[in-house]
Amino acid sequence: MNVTDMYEYDFVVVGVGPAGARFSRRAAEKGYDVLALEQGTVGTPLACSGHVSTDVWEFTGPGAREELFQNEIYGARFHVGGPRSDAYPFYKDEVASNVIDRVGLDRHLADLAREAGADVREEHTVTEVREHRDRVEVVASGPDDVHTFEAKMVAGCDGPRSRVRDELDLPEPGELLHGVLAFSEEEDHQDFVDVHLTAPTFFAWRIPRGDAGVEYGLAAPPGVQVNKHFEELIDGYEVDVSHRCSGAIPIGPPERVTTRRGFLLGDAAAQTKPFTGGGILYGMTSADHAAREIDPDRPTTLAAYERAWRDDIEREQSLGHWLRRAYSLPEPVQRIGLGALSGKIGVHMDRPTSLLSRDHLQAMVSRAFR
Ligand SMILES: Cc1cc2nc3c(=O)[nH]c(=O)nc-3n(C[C@H](O)[C@H](O)[C@H](O)COP(=O)(O)OP(=O)(O)OC[C@H]3O[C@@H](n4cnc5c(N)ncnc54)[C@H](O)[C@@H]3O)c2cc1C
């Protein structure tokens, strides 16, 4: 049965990951009528390390840290080869990042959106978006029916392989990396992650997750034998892993993420860091820009969103592309570079432009005189 829901929403949000949940919450807090549709159960399936800067707690509600925190990280040990190769540590004096329960994060953010008044519905897969001059129609298959919802605008927050992006004829991200990860049961409270520059143009990693075990992962572009490189990583560490999962990582930015009555957010808009693939913080930050700038009664405000997120993030993404080029340098050059630069740093993990910050320059100078 196909039911047309004649109720007009201000926004239909497609996808309730961090970007969709954050936008739904912020837009509902502004008094807008928000319907948020998630194809499965919020937070599943997992395809993410949940390694984030401590800024994540600025986006959460009461009790989040107690519920979601797994481990704190001060730095990263870079390796040109596998686990037995030399380690080049980069670290801060204070906590640089946290490892968190990513499934729990999504549920927490969705609950905040509900509390703010958004109508969050799981088991609703959006299959079609029709954009008209004065409204959008969003077709979703629910547990019992196919529904057509009408809204003033649609927000595509539906991840790297966004259906909304296709339906609105918006450009694809420049690149989609393939990421895999799995877990071992060793309890590990170390405060360093390990990064191995062994995967072509990207890297493999080991993340200690406190009581929640250790995560091993790897990402690389299509065409690379990701599983073969991942097996080599696991063999090198001599561990048994389970709960394997995989996902796509979009690398952008694309030329355009808005149409007349539609816009993309988060991975759908490739709002990720080109040198790590991380997108949780950029997606939520962009969601805040969208909620602040977009007025569903004035489609021209979409241009203000497009400007705002690019002003905030695009320079970081450009510099991130430059950093990623170092992953493809010849190994001897990588060793010399890592040897020369390793030590204390003052860089913010989401802001490569902080390489020029006072904190970082001070750290470099103090190292030179040590
Ligand atoms: C292996 C791997 C490791 C990663 N590690 C990190 C990390 O440590 N730190 C970090 O910051 N980032 C990491 N990322 C990236 C991070 O997962 C994404 O940037 C982030 O999830 C983007 O959030 P989002 O809300 O835009 O999209 P998503 O989290 O992908 O959410 C999109 C939602 O839309 C739903 N959806 C999709 N299609 C439809 C549809 N047709 N109808 C309805 N719902 C739909 C999906 O079910 C999903 O819930 C990693 C990614 C991978 C693949």
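This passage describes the ligand shell, one sheet and the surroundings of one helix residue in a predicted model. Residues are numbered from 1 along each chain as its sequence is written, and side-chain values use heavy atoms, without hydrogens and water. Local features require pLDDT of at least 70 and side-chain atom pairs pLDDT 80 or more, whereas totals for chains, interfaces and linings use all residues.

UniProt, in an unreviewed entry, lists residues 9–175 as "domain: FAD-binding"; the positions follow the numbering used here, the feature name is shortened, and the annotation may be inferred rather than shown by experiment. The C-alpha atoms at the two ends of this span are 33 Å apart, and the span is 22% helix and 35% strand. Helices (H or I, at least four residues) and strands (E, at least two) are DSSP runs numbered from the N terminus.

The shell around the ligand (residues with a heavy atom within 4 Å of it) holds 33 residues, of which E38, H51, R102, V126 and D267 come nearest. A polar side-chain atom of E38 is 2.6 Å from a ligand oxygen atom. Backbone N or O atoms also approach the ligand: one of G50 lies 3.4 Å from an oxygen atom, and one of G279 lies 3.1 Å from a nitrogen atom. On its own the ligand has 1000 Å² of accessible area, and the protein covers 89% of this (Shrake-Rupley method, 1.4 Å probe). At least two shell residues each are supplied by α1 (18–29), β3 (51–53), β9 (125–131) and β16 (242–251), with β16 giving the most, three residues. The shell comprises 15 nonpolar, 14 polar and four charged residues, where nonpolar means Ala, Val, Leu, Ile, Met, Phe, Trp, Tyr, Cys and Pro, charged means Asp, Glu, Lys and Arg, and polar the others, Gly among them.

β16 also belongs to an open sheet of eight strands with mixed pairing, in the order β16-β12-β15-β14-β13-β5-β6-β18. β16 and β18 (343–344) are the edge strands, each with a single partner, so one side of each lacks a neighbour in the sheet. Strands count as paired if DSSP finds at least two bridges between them. Within the sheet, β5 (residues 75–79) and β13 (residues 192–196) pair in the parallel sense over five bridges, and A76 has V193 in β13 as its bridge partner.

Helix α1 contains E29, which is partly exposed at 41% relative accessibility (buried is under 20%, exposed over 50%, partly exposed in between; 1.4 Å probe, protein chains only). The side chains of E29 and R26 are joined by a polar contact of 2.5 Å (a pair of N or O atoms within 3.5 Å; within protein, one must be able to donate a hydrogen and the other to accept it, and residues adjacent in sequence count only if both atoms are side-chain atoms). E29 and G117, 88 residues apart in sequence, have a C-alpha to C-alpha distance of 7.3 Å.
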